[in-house]
Amino acid sequence: MTRFTLPVLVLSMAALGACTDPGYVTGDAETRDEYKNTKTGAVIGGLLGAGVGKATGGSVLAGAAIGAGAGAIVGNSLDKQAAELREDIDNEGVTIENTGDRLIVTLPQDITFDSDSYAVRPGLTNDLVAVADSLKKYPDSVVQVIGHTDSTGSAEHNQRLSENRANAVADKLMDAGVAFERIETLGRGEDQPVASNLTEDGKAQNRRVEIVILPNG
């Protein structure tokens, strides 16, 4: 028979609550649960902390409590940063996703670059400055800038294009004051689509640059 200790049961119930929490309240207008990712961070941190406590021969309960506290702090910070970015970025095409342990700022190609180009459009400069300002305000994170393409053209060409576009966006962030050592650039080419490449709409979604903000610790 499988046995569950008290910390595991408590954390499992918390995890279940986080998974079933839709993040919205009912009504005519959908209202985001501003604490949703703080809760998620606490659950993730608690589970990790419990595992660390057990693995090191320490108290599972103490490890869970410490981990939950640290996770809640990270989640709360990401909640605040995401809300501020949504306020500061004046472009409906740019999306900000808070997964609970990171922020993902997605820049669609159609507003960022001309076709087959890796020169950032001047109209996006203010939004990238807003992202850079946010990164400077919240310095305890590292940043991955990841380029993606659709499947049009050769895989080799798309790989180079995705790398060049990631580097171009990273250059704009550094020009606005983000430290070089915080940024990693990656090109994924056509290998990580988020939609079907069989439709024009799907291809448009796949052509993007993601700025992934990962808290330290």
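**Notes on helix α6 and its neighbour α5**

1. Start with helix α6, residues 155-175: its 21 residues should span 30 Å at 1.5 Å a residue, and the end C-alpha atoms are indeed 30 Å apart, so the two agree. The expected span is 1.5 Å times one less than the number of residues. Helices here are DSSP runs of H or I with at least four residues, and strands are E runs of at least two, numbered from the N terminus.

2. A word on the source: this is a predicted model, where local features need pLDDT of at least 70 and side-chain atom pairs count only at pLDDT 80 or more. Residues are numbered from 1 along each chain, and side-chain values use heavy atoms, leaving out hydrogens and water.

3. Which residues of α6 are buried (under 20% relative accessible area, 1.4 Å probe, protein chains only)? They are N158, L161, S162, R165, A166, A168, V169, A170 and L173. Among what covers them are α5 (125-137) and β5 (141-148).

4. Now look at α5: its 13 residues reach 18 Å from first C-alpha to last, close to the 18 Å expected. Its buried residues are D127, L128, A130, V131, A132, S134 and L135.

5. How do the two helices meet? α5 and α6 pack at an angle of about 60 degrees, with axes (lines fitted to C-alpha atoms over the stretch in contact) 8 Å apart. In contact (heavy atoms within 4.5 Å) are L128, V131, A132 and L135 of α5 with V169, K172 and L173 of α6.

6. Just after α6 comes G177, with a positive phi near 110 degrees.

Terms used. Buried means under 20% relative accessible area, exposed over 50%, partly exposed in between (1.4 Å probe, protein chains only). Axes are lines fitted to C-alpha atoms, for helices over the stretch in contact, and angles run from 0 to 180 degrees between N-to-C directions.
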